[in-house]
Amino acid sequence: MKGKISKEVQVPVPASDLWAVYGTLELIRLIKELLPEILRDFEIVVGDGGVGTVLKLTFPPESPVTDYSEKFTKVDNEKRIKVTEVVEGGYLEVGFSLYRVTYEITEKSEHSSVIITIEYELDDAFADNASLVSIKPLEVIAKTIGKYLKEKKADHANV
């Protein structure tokens with residue numbers, strides 16, 4: 001069974017500012033800091049934020065999936081696209097053979113948007129686990145990062 005869900009989230013900052021976070025390891029640091037209810041901890045297993053970087057993510061106990069490692073399979077600074085795939089644990093332990101998230105940052109005048117796409121492949125015997133796939137946490141992350149960047153910019157403007 002294959003599936004794909006996508007969502008565009010409007011963010012009140014320029015695409016360049018948003019990509020400065022999404023295109024780097026700053027994203028994971030800010031998620032842990034600003035949204036501990038989504039991400040409890042992380043470890044950089046290998047890499048510096050570019051292609052091949054592997055992160056081990058630790059989620060709160062109430063999370064729908066267990067901890068997992070993800071690998072950055074694409075980081076395109078020109079097109080502002082980042083792709084990650086689960087490579088160990090989490091979704092792979094409950095019947096998924098693929099769990100891929102793509103973030104695409106697009107310019108919308110002085111604002112931008114994050115187009116989030118989740119693609120997955122799931123063994124038919126585990127079809128019920130498709131309900132574990134949710135774009136909602138990634139939408140919350142995008143809105144929170146946008147708000148954080150907007151406030152940070154406003155603080156600097158007032159200095």
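Two strands count as paired if DSSP finds at least two bridges between them. That rule applies throughout this tour of a predicted model.

**Stop 1: E6 and E7**

Select strands E6 and E7. They run antiparallel and are joined by 12 bridges. For a single pair to display, take glutamate 104, which stands opposite isoleucine 115 in E7. The two strands form a hairpin with two residues between them. In that turn, pick serine 109, whose phi is positive, at about 50°.

**Stop 2: E1 and E7**

Keep E7, which covers residues 111–122, and add E1, residues 2–11. E1 and E7 also run antiparallel, with 10 bridges joining them. Isoleucine 115 in E7 turns up again here, this time with glutamate 8 standing opposite.

**Stop 3: the whole sheet**

Now show every strand. Seven of them form an open sheet, in the order E1-E7-E6-E5-E4-E3-E2, with antiparallel pairing. E1 and E2 (41–46) stand at the edges with a single partner strand each, so one side of each has no neighbour in the sheet. From one strand to the next, the twist averages 20°. Strands of a sheet pair through backbone hydrogen bonds, so a backbone display suits this view.

**Stop 4: E5 and its two neighbours**

Select E5, residues 81–89. Is this strand mostly covered or mostly uncovered? It is mostly covered: seven of its nine residues are buried, where buried means under 20% relative accessible area.

On one side, add E6, residues 96–108. Five bridges join E5 to E6, and the two run antiparallel. Lysine 82 has tyrosine 103 as its bridge partner in E6. Six residues lie between the strands of this hairpin, and glycine 90 in the turn has a positive phi of about 50°.

On the other side, add E4, residues 68–76. E4 and E5 run antiparallel and are joined by eight bridges. Here the pair to label is glutamate 70 and its bridge partner in E5, valine 86. Four residues separate E4 and E5 in their hairpin.

Zoom in on the loop between E4 and E5, where arginine 80 is placed. Its phi is near 55°, a positive value in a residue other than glycine. Arginine 80 is partly exposed, at a relative accessible area of 22%.

**Stop 5: E3 and E4**

Keep E4 and add E3, residues 54–58. Four bridges join these antiparallel strands. Leucine 57 stands opposite tyrosine 68 in E4. Leave tyrosine 68 selected, as Tyr68 returns at the next stop.

**Stop 6: the largest pocket**

Switch on a pocket surface. The largest pocket holds about 610 Å³ of space. Helix H2 (26–34), strands E3, E4, E5 and E6, and helix H3 (136–157) each give two or more residues to its lining. Which residues lie nearest the centre of the largest pocket? They are Ile38, Phe59, Tyr68, Pro137 and Leu138, out of 32 lining residues. Colour the lining by residue class: 22 are nonpolar, four polar and six charged.

**Stop 7: helices H1 and H2**

Select H2 and show the side chains of Leu27, Ile28, Leu30 and Ile31, which are buried. These four cover an arc of only 165° around the axis, which puts them on the same side of H2.

Move to H1, residues 15–22. Its buried residues include Ala15, Leu18, Trp19, Val21 and Tyr22. They cover an arc of only 155° around the axis and therefore sit on the same side of H1. An α-helix has 3.6 residues a turn, so residues three or four places apart point the same way.

**Stop 8: the loop between E7 and H3**

Finish in the loop between E7 and H3, which contains alanine 127. Alanine 127 counts as partly exposed, at 32% relative accessibility. Draw a C-alpha to C-alpha distance from alanine 127 to valine 45: the two are 31 Å apart in space and 82 residues apart in sequence.

Serine 131 is placed in the loop between E7 and H3 as well. At 63% relative accessibility, serine 131 counts as exposed. A last distance runs from serine 131 to glycine 23, 108 residues apart along the chain, with 28 Å separating their C-alpha atoms.

Note on methods. Residues are numbered from 1 along each chain as its sequence is written. This is a predicted model: local features need pLDDT of at least 70, side-chain atom pairs count only at pLDDT 80 or more; totals for chains, interfaces and linings use all residues. Side-chain values use heavy atoms; hydrogens and water are left out. Buried means under 20% relative accessible area, exposed over 50%, partly exposed in between (1.4 Å probe, protein chains only). On a 1 Å grid over the protein atoms alone, a cavity is a set of points where a 1.4 Å probe fits but cannot get out, and a pocket is an open set with protein on both sides within 12 Å along at least five of seven lines; lining residues have an atom within 4 Å of a point. Grid points are joined across faces, edges and corners, and a volume is the space filled by probe spheres set on the points. Ala, Val, Leu, Ile, Met, Phe, Trp, Tyr, Cys and Pro count as nonpolar, Asp, Glu, Lys and Arg as charged, and the others, Gly among them, as polar. The arc is that of the directions from the helix axis to the C-beta atoms. Axes are lines fitted to C-alpha atoms, for helices over the stretch in contact, and angles run from 0 to 180 degrees between N-to-C directions.
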